[in-house]
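Please read the following remarks with the sequence and the model side by side. They are meant for someone who has not met this structure before.

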Amino acid sequence: MIRLRRSAAVATLTLAAVATAVLGLPGPASAHVTINPKEASQGGYGRFAFRVPNESDTASTVKVEVVLPENAPVGSVSTMPVPGWTVQVEKRKVDPPIEVHGSQLTEAVAKLTWTAPANAGVKPGEFQEFPVSMGPLPQVDQMVFKVLQTYSDGDVSRWIEAPTPGGEEPENPAPVLALTAASASAAPAANAPASPVAEAGGDDDSDSGTVLGVAGLVAGLAGLILGGLAFLRTRREPTPKP
């Protein structure tokens, strides 16, 4: 029984550790501008949203400038209308040209600027998403987007610091889109239905396996005890006389 309780306790502690890691407190720079989703495949197209939270207690966010990386140009960039906001698209020359569907493009989007109407914007305690469609995504490991966030009182938050491999998150981190190499087996896997464990957010069956193992052990011990009692009962009963 001691071993049984110990196995159950280990399973409980493991689940608690996983919950702590998932639900842990955010870092000091948790309210910075981000891109969602944060990962995509090289060579593909995707819909992304720059999520801009308002960190000011008194001023509204009235302008958002997103600078696309020069070392990773994208051939096609389009924006989705954001109610009340206007968007300006700036382009730049690229050399060598970008090939998109057999065409050679000599220009790429360099910067996107969203501007709120007068007396409007992202108010304190709110956030706004600015959706874009991009592709084909470049053959690089990541895209770092530098963002300037301007407030109605004139303050500017500069989210422009690239991450350092193996280092801590910078004080003013830029949104980063991680790009992975496309594989032939990726498409069927993406269409496959999610398993119950995956939908629940688990990464493996180690914890459930431990619990099931404990339950199996209890059932096995109970069977052995009942069998032994039955055997002893037959030994003690007198043999009927003919």
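The numbered points below go from the basis of the model to single residues, ring pairs, a pocket and the backbone.

1. The model is predicted, so that local features are taken up at pLDDT of at least 70 and side-chain atom pairs at pLDDT 80 or more, while totals for chains, interfaces and linings use all residues. Residues are numbered from 1 along each chain as its sequence is written, and side-chain values rest on heavy atoms, with hydrogens and water left out.

2. Glu-65 sits in strand E4, residues 61–67 (strands are DSSP runs of at least two residues, numbered from the N terminus). With a relative accessibility of 10%, Glu-65 counts as buried (buried means under 20% relative accessible area and exposed over 50%, with partly exposed in between, for a 1.4 Å probe and protein chains only).

3. Which side chain does Glu-65 meet in a polar contact of 2.7 Å? The partner is the side chain of Lys-111, where a polar contact is a pair of N or O atoms within 3.5 Å, one able to donate a hydrogen and the other to accept it within protein, and residues adjacent in sequence count only if both atoms are side-chain atoms. Beyond its neighbours within four places in sequence, Glu-65 is in contact (heavy atoms within 4.5 Å) with Lys-111, Leu-112, Thr-113, Lys-146, Val-147, Leu-148 and Thr-150.

4. A search of the whole structure gives three aromatic pairs, for which rings of Phe, Tyr and Trp (its six-membered ring) must have centres within 6.5 Å, with planes under 30 degrees apart called stacked, over 60 edge-to-face and the rest tilted. Phe-50 and Phe-145 form an edge-to-face pair, at 5.3 Å centre to centre and with 75° between the planes. This pair links distant parts of the chain, 95 residues apart, since Phe-50 belongs to strand E3 (residues 46–53) and Phe-145 to the loop between strand E9 (142–144) and strand E10 (146–151). Phe-50 is buried at 1% relative accessibility, and Phe-145 is buried at 0%.

5. Trp-114 and Phe-130 make a tilted pair, with 5.0 Å between centres and 45° between planes. Because Trp-114 lies in strand E7 (residues 103–115) and Phe-130 in strand E8 (residues 127–135), the pair ties together parts that are 16 residues apart in sequence. Both Trp-114 and Phe-130 are buried, and ring pairs link these two with Trp-85 into a cluster.

6. The second largest pocket is lined by 15 residues, among which His-32, Glu-169, Pro-173, Ala-174 and Val-176 lie nearest its centre. Its lining divides into eight nonpolar, four polar and three charged residues, where Asp, Glu, Lys and Arg count as charged, Ala, Val, Leu, Ile, Met, Phe, Trp, Tyr, Cys and Pro as nonpolar, and the others, Gly among them, as polar. A pocket here is an open set of points on a 1 Å grid over the protein atoms alone, where a 1.4 Å probe fits, with protein on both sides within 12 Å along at least five of seven lines, and lining residues have an atom within 4 Å of a point.

7. Most residues other than glycine have a negative phi, and most peptide bonds are trans. The bond joining Asn-36 and Pro-37 is cis, with omega about -5°, and the bond from Asp-95 to Pro-96 is also cis, with omega near 5°. Pro-37 is in the loop between strand E1 (34–36) and strand E2 (39–41), whereas Pro-96 lies in strand E6 (residues 86–100).

8. His-101, in the loop between E6 and E7, has a positive phi of about 55° although it is not a glycine, and His-101 is exposed at 71% relative accessibility.

Note on methods: Helix = DSSP H or I, 4+ residues; strand = E, 2+ residues; numbered from the N terminus.
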